[in-house]
Amino acid sequence: MKYLDMAIEMGARNAVKFNIEDIVFDPRVALKCIFGCSDYGRNHTCPYQKSPLSMKEYKEIFSNYSWGIIIGCADKAESQKISFEIERACFLDGYHFAFSLSDCGLCKTCSKVTGEACRVPLKARPAFHAIGIDVFKTVQKFNLPLYVAQDREAELNWYSAVFVE
């Protein structure tokens with residue numbers, strides 16, 4: 001598939017096609033964000049701070065998609081850049097609702113920390129977990145590597161997704 005090949009060519013470790021039924025929504029994800037994330041409320045893509053949408057509404061919105069791709073990378077910013085470029089390619093191919101989810105890593109420090117507007121509002125996207133998707137259960141369905149890092153030196157896996165149609 002064109003978009004899977006594109007992701008790998010751009011440097012992704014993994015790229016797999018999913019059907020919407022493969023995506024695991026779980027509202028408990030919000031608890032981990034609110035009470036376990038050191039970045040909670042510190043960036044512009046944290047929807048719990050400003051979005052008028054509930055987890056139920058996010059699930060309803062994303063349930064209107066039928067498929068997409070999951071992209072795995074070693075680096076958060078790389079994952080976001082790849083998923084955004086694939087979103088763009090899908091849009092140009094006629095999938096006008098294509099939308100990527102990626103843990104925003106475009107700026108070294110989010111401008112929200114200093115009270116400024118987002119520097120890249122057209123490219124900033126929320127993460128999987130920011131809209132209530134259980135990343136662990138979702139990527140495990142595809143046998144993709146994902147585990148809890150035991151220390152700061154551990155190799156990380158960053159996942160993003162592009163919801164296409």
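**Entry 1: naming of elements, and Gln150**

I take helices (H or I, at least four residues) and strands (E, at least two) as DSSP runs, numbered from the N terminus. With these names fixed, I looked up Gln150 and placed it in the loop between α6 and β4. I keep in mind throughout that this is a predicted model. The relative accessibility of Gln150 is 69%, so I enter this residue as exposed. I also looked up its separation from Gln140, which is 10 residues away along the chain, and found 19 Å between the two C-alpha atoms.

**Entry 2: Asn143**

I went on to Asn143, which belongs to the loop between α6 (135–140) and β4 (158–163). Its phi is positive, at about 55 degrees, although Asn143 is not a glycine. I noted this because most residues other than glycine have a negative phi. As to its surroundings, Asn143 is exposed, and I wrote down a relative accessible area of 71%.

**Entry 3: salt bridges**

How many salt bridges does a search of the whole structure find? I recorded 3, and I then went through the pairs one by one, with the reminder that side chains of opposite charge can pair when their charged atoms come close.

In one of them, the side chains of Asp93 and Lys2 meet with an N to O distance of 2.6 Å. Asp93 sits in the loop between α5 (76–92) and β3 (99–101), while Lys2 is part of helix α1 (residues 2–9), so this salt bridge ties together parts of the structure that lie 91 residues apart in sequence. I entered Asp93 as partly exposed, since its relative accessibility is 39%.

Another salt bridge joins Asp26 to Arg28, and here the closest N and O atoms are 2.6 Å apart. Are the two partners buried or exposed? Asp26 has a relative accessible area of 13% and is therefore buried, the cut-off for that class being under 20%. Arg28, at 54% relative accessibility, counts as exposed, so this bridge runs from a buried residue to an exposed one.

I also looked up Arg125 and Glu87, whose side chains meet in a salt bridge at 2.7 Å, N to O. This pair links distant parts of the chain, with Arg125 in the loop between β3 and α6 and Glu87 in helix α5, 38 residues apart. Both Arg125 and Glu87 are buried.

**Entry 4: aromatic rings**

I turned to the rings and noted 7 aromatic pairs in the structure. One of them is made by Phe62 and Phe163, which are arranged edge-to-face, with 4.8 Å from centre to centre and 70 degrees between the planes. Phe62 lies in helix α4 (residues 55–62) and Phe163 in strand β4, so the pair ties together parts that are 101 residues apart in sequence. Phe62 and Phe163 are both buried. I then asked which residues the ring pairs link into a cluster, and listed Phe18, Phe62, Tyr65, Phe99 and Phe163.

I made a separate note on Trp67, because it is a charge over a ring that I was looking for: the charged end of Lys17 sits over the ring of Trp67, 5.1 Å from the ring centre.

**Entry 5: the two sides of α4**

Which residues of α4 are buried? I listed Met55, Tyr58 and Phe62. When I look down the axis of α4, these buried residues fall within an arc of 60 degrees, so they line one face of the helix. Lys56 and Glu60 are exposed on the other side of α4.

I looked more closely at Lys56 of helix α4, which counts as exposed because its relative accessibility is 70%. The C-alpha atoms of Lys56 and Phe25 are 9.3 Å apart in space, although the two residues are 31 residues apart in sequence.

**Entry 6: the two sides of α2, and a patch**

For α2 I wrote down Val29, Ala30 and Cys33 as the buried residues. Seen down the axis of α2, they fall within an arc of 100 degrees, so they line one face of the helix. On the other side of α2 I found Leu31, Lys32, Phe35 and Gly36 exposed.

Leu31, which lies in helix α2 (residues 29–36), came up again when I looked at the surface: together with Ile34 and Phe35, Leu31 makes a nonpolar surface patch of about 330 Å².

Notes
Residues are numbered from 1 along each chain as its sequence is written. This is a predicted model: local features need pLDDT of at least 70, side-chain atom pairs count only at pLDDT 80 or more; totals for chains, interfaces and linings use all residues. Side-chain values use heavy atoms; hydrogens and water are left out. Buried means under 20% relative accessible area, exposed over 50%, partly exposed in between (1.4 Å probe, protein chains only). A salt bridge is a side-chain nitrogen of Lys or Arg within 4 Å of a carboxyl oxygen of Asp or Glu. Rings of Phe, Tyr and Trp (its six-membered ring) pair if their centres lie within 6.5 Å; planes under 30 degrees apart count as stacked, over 60 as edge-to-face and the rest as tilted. A charge sits over a ring if NZ of Lys or CZ of Arg is within 6 Å of the ring centre and within 35 degrees of the ring normal. The arc is that of the directions from the helix axis to the C-beta atoms. Patches are made of residues with over 30% relative accessible area and no salt bridge: like charges are joined within 9 Å, nonpolar side chains (Val, Leu, Ile, Met, Phe, Trp, Tyr) within 5 Å. Accessible areas come from the Shrake-Rupley method with a 1.4 Å probe; for residues, only the protein chains shown count as cover.
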